[in-house]
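Me: Please take one part of this model and look at it closely with me. Keep the sentences short, and show how that part fits with the rest.

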Amino acid sequence: MQLSSRTRHGARLLMNLAHFSQKGPLRASHISNNIGISVKYLEKIIKPLRQAGLIKGLRGPGGGYFLGRAPEDITLGEIVQALDGGPHLSCCADPDACLPSDFCGSPALWADLTSTLQGKLNSITLSGMMRQDSIFKSAPAARKTKADVHRRDTAQAA
């Protein structure tokens, strides 16, 4: 399973808000510049995060976006749920969505794997992600570029 780009950008957005929280609300243009996506795409990510209560907004001068809760109270599971509707390993995890012609194994197995993954995602907090990101950034030689990731993904697909 690979997390969607919406989820990855949503996590980066929330980490950005947490990192700059002392500066007050951040404007969408500032956030989009920090995480390298367009304002239009950012707004599509912000909407479900606001609906889930993970982000709040303030209008007017000095307005912008800020975290809806403390970073230690926001989990990766909530981010995935808000942006992708939760992890989906197989349609067979939901017996109502599984067609007889789509037999892909035991629905109980897929449901158990999905539940295990959801539990792991719920155990990862935004503050924990930020701590790991700080460690990652402190080792520049180990940092991978987008080209490195693309080469790895291409090699795995072959």
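Reply: Start with a term. A salt bridge is a side-chain nitrogen of Lys or Arg within 4 Å of a carboxyl oxygen of Asp or Glu. Keep in mind that this is a predicted model. A search of the whole structure finds one such bridge. R69 and E78 form it, and their closest N and O atoms are 2.5 Å apart. That falls within the 4 Å limit.

How buried or exposed are the two partners? For the answer, you need two cut-offs: buried means under 20% relative accessible area, and exposed means over 50%. R69 has 29%, so R69 is partly exposed. E78 has 27%, so E78 is partly exposed as well.

This takes us to the part I have picked, helix α4. It covers residues 76–84. First, place it in the chain. The protein chain has seven helices and two strands. Their order along the sequence is α-α-α-β-β-α-α-α-α. So that you can find the helix, look just past the two strands in that pattern.

Now look along α4. Which of its residues are buried? They are L76, G77, I79, V80 and L83. These five cover an arc of only 160° around the axis, which puts them on the same side of α4. A general rule helps here. An α-helix has 3.6 residues a turn, so residues three or four places apart point the same way.

Q81 is also found in α4. Its relative accessibility is 44%, so Q81 counts as partly exposed. Leaving out residues up to four places away in sequence, Q81 touches G86 and Q118. P48 gives another distance to check. Q81 and P48 are 33 residues apart along the chain, yet their C-alpha atoms are separated by 9.5 Å.

Next, check what flanks the helix. T75 sits in the loop between β2 and α4. At 12% relative accessibility, T75 counts as buried. What does T75 touch? Beyond residues up to four places away, the list is L121, N122, I124 and T125. On the other side, G85 follows α4. The phi of G85 is positive, near 75°.

Now connect α4 to the interior. The largest nonpolar core has 28 residues. Within it, L13 and L14 have the most contacts. Several elements give two or more residues to this core: α1 (5–19), α2 (28–35), α3 (39–51), β2, α4 and α6 (126–137). α1 gives the most, with six residues. In soluble globular proteins, nonpolar side chains tend to be buried together.

L13 shows how far such contacts reach. Not counting residues up to four places away, L13 touches I31, I35, L42, I45, I46, L49 and I55. I31 and I35 belong to the buried residues of α2, along with A28 and S32. Those four cover an arc of only 95° around the axis, which puts them on the same side of α2. Their cover includes α1, α3 and β2. Just after α2 comes G36, which takes a positive phi of about 75°.

I55 leads from L13 to the strands. Strand β1 (residues 55–58) pairs with strand β2 (residues 64–67) in the antiparallel sense, over four bridges. Which residue in β2 is the bridge partner of I55? It is L67. For L58, the partner in β2 is G64. The two strands form a hairpin with five residues between them. In that turn, G60 has a positive phi of about 95°. The loop that holds T75 then runs between β2 and α4.

Last, step back to the whole chain. Buried residues make up 30% of its 158 residues. Take the contacts with a separation of 6 or more: residues 24 or more positions apart account for 60% of them. The chain exposes about 9900 Å², and carbon and sulfur atoms supply 56% of that area.

Put the close-up together. α4 has its buried residues on the same side. The helix is among the elements that give two or more residues to the largest core. Q81 of this helix is partly exposed, and so is E78, the salt-bridge partner of R69.

Key: Residues numbered from 1 in each chain as written. Predicted model: local features only at pLDDT ≥ 70, side-chain atom pairs only at ≥ 80, totals over all residues. Heavy atoms only, no water. Pairing = 2+ DSSP bridges. Core = buried A, V, L, I, M, F, W, Y, C linked by side-chain atoms within 4.5 Å. Buried < 20%, exposed > 50% of the residue type's maximum accessible area, 1.4 Å probe, protein only. Contact = heavy atoms within 4.5 Å. Arc of directions from axis to C-beta. Areas by Shrake-Rupley, 256 points an atom, 1.4 Å probe, with all protein chains shown as cover.
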